[in-house]
Amino acid sequence: MDVKNRIFLELRNRKPSDVKELVLDNCRSIEGRIEGLSDEFEELEFLSTINVGLLSVANLPKLNKLKKLELSDNRISGGLEVLAEKCPNLTHLNLSGNKIKDLGTIEPLKKLDSLRSLDLFNCEVTNLNDYRENVFRFLPQLTYLDGYDREDKEAPDSDTEAYLEGIDDEDEDDDVARIPAPCTFSAMCFLNNCIGVLGPGKIFRDVHAQTHERQFPMNLQTRTSLEMSAETRPEHP
């Protein structure tokens, strides 16, 4: 699936301005560019485009609220100066596994005043002498480079987790609204029937199944028949 179609599916009848997280990992970019994004995604805070074959971020739209940008495992070799214009409030940038060979390529990132964490792991630039010292010199606003600070202390996992949890908390009510109405009603009926037929222990295991049903809803009658068949199937020693 290409990036543009993936974005269409991710919207799920929402407006672009309602989206705060967008994950497009492992899709196909068109001619190495990001297609399908526009400045209508004005509330976007987290964008992940891992392994999509990007050659450039030149056509990235204006995303003023974007805080974290995942670009790892692509083929980007330059053109990073546009990030200061398009994503001025970035705090986390992951460029691991790209074609970045020299320090001059990342020097334009000094204009990202809020940039706190930068990852260049598995890029050729990391093989240069005094790589870490020079990056911190070019980008004095950085706190972490490749997961470690200037004193070689590892970045706490809570740093990223807290950021993502913040988005999850804000979107908690929205997530409920995103479940298609037929699936919600089906889930209620199914659980109600199972309380009397299957017992509470089985109910717990079916909660996870309801998440899968959001994308692949199963007919209630078919689902109940399958469950009843499983209960009546003779056990083999």
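In what order do the six strands of the open sheet stand? Select the strands and read across: the order is E1-E2-E3-E4-E5-E6, with parallel pairing.

**Before you click**

This is a predicted model, in which local features need pLDDT of at least 70 and side-chain atom pairs count only at pLDDT 80 or more, while totals for chains, interfaces and linings use all residues. Residues are numbered from 1 along each chain as its sequence is written, and side-chain values use heavy atoms, with hydrogens and water left out.

**Stop 1: the whole chain**

Show everything. The protein has nine helices and six strands. Helices (H or I, at least four residues) and strands (E, at least two) are DSSP runs, numbered from the N terminus.

Colour by burial next. Of the 237 residues, 40% count as buried. Buried means under 20% relative accessible area, exposed means over 50%, and partly exposed lies in between (1.4 Å probe, protein chains only).

The accessible surface comes to about 13900 Å². Carbon and sulfur atoms hold 50% of that surface. Areas come from the Shrake-Rupley method with a 1.4 Å probe; for residues, only the protein chains shown count as cover.

Now consider contacts, meaning heavy atoms within 4.5 Å. Among contacts with a separation of 6 or more, 54% are between residues 24 or more positions apart.

**Stop 2: the sheet**

Return to the strands. Strands of a sheet pair through backbone hydrogen bonds, either parallel or antiparallel. Here, two strands count as paired if DSSP finds at least two bridges between them.

Six strands make this open sheet. E1 and strand E6 (144-145) are at the edges with a single partner strand each, so one side of each has no neighbour in the sheet.

Select strand E5 (residues 117-119) together with E6. Two bridges join E5 to E6, and these strands run parallel. Pick Ser117: its bridge partner in E6 is Tyr144.

**Stop 3: the core**

Which residues have the most contacts inside the largest nonpolar core? Select Leu47, Leu83, Leu93, Leu109, Leu118 and Leu120. The core has 46 residues in total. A nonpolar core is a set of buried Ala, Val, Leu, Ile, Met, Phe, Trp, Tyr and Cys residues joined through side-chain atoms within 4.5 Å.

Add the helices. H1, helix H2 (82-86), helix H3 (103-106) and helix H4 (131-138) each supply at least two residues of this core. H4 gives the most, with four residues.

Zoom in on Leu47. Leaving aside neighbours within four places in sequence, Leu47 contacts nine residues listed here: Leu22, Leu24, Leu37, Leu60, Leu63, Leu66, Lys68, Leu69 and Glu70.

**Stop 4: helix H4**

Is H4 largely enclosed or left open? It is largely enclosed by the rest of the structure, because six of its eight residues are buried. Select Tyr131, Arg132, Asn134, Val135, Phe136 and Phe138 to see the buried ones. Their cover includes H3, E5 and E6.

**Stop 5: helix H1 and the patch**

Go to Leu9, in helix H1 (residues 3-11). Leu9 counts as partly exposed because its relative accessibility is 48%. Add Met1 and Phe8: with Leu9 they make a nonpolar surface patch of about 350 Å². Patches are made of residues with over 30% relative accessible area and no salt bridge; like charges are joined within 9 Å, nonpolar side chains (Val, Leu, Ile, Met, Phe, Trp, Tyr) within 5 Å. A salt bridge is a side-chain nitrogen of Lys or Arg within 4 Å of a carboxyl oxygen of Asp or Glu.

**Stop 6: two loops**

Select Gly36, in the loop between strand E1 (21-23) and strand E2 (46-48). At 33% relative accessibility, Gly36 is partly exposed. Its C-alpha is 4.5 Å from that of Lys4, 32 residues away along the chain. Beyond four places in sequence, Gly36 contacts Lys4, Ile7 and Phe41.

Move to Ser77, in the loop between strand E3 (68-70) and H2. Ser77 is partly exposed, at 45%. Beyond four places in sequence, Ser77 touches Leu55, Lys99 and Thr105. The C-alpha atoms of Ser77 and Thr105 are 7.6 Å apart.

**Stop 7: two positive phi values**

Most residues other than glycine have a negative phi. Check Asn13, where phi is near 65 degrees. Asn13 sits in the loop between H1 and E1 and is exposed at 87% relative accessibility.

Finish at Asp146, where phi is near 55 degrees. Asp146 lies in the loop between E6 and helix H5 (157-170). At 19% relative accessibility, Asp146 counts as buried.
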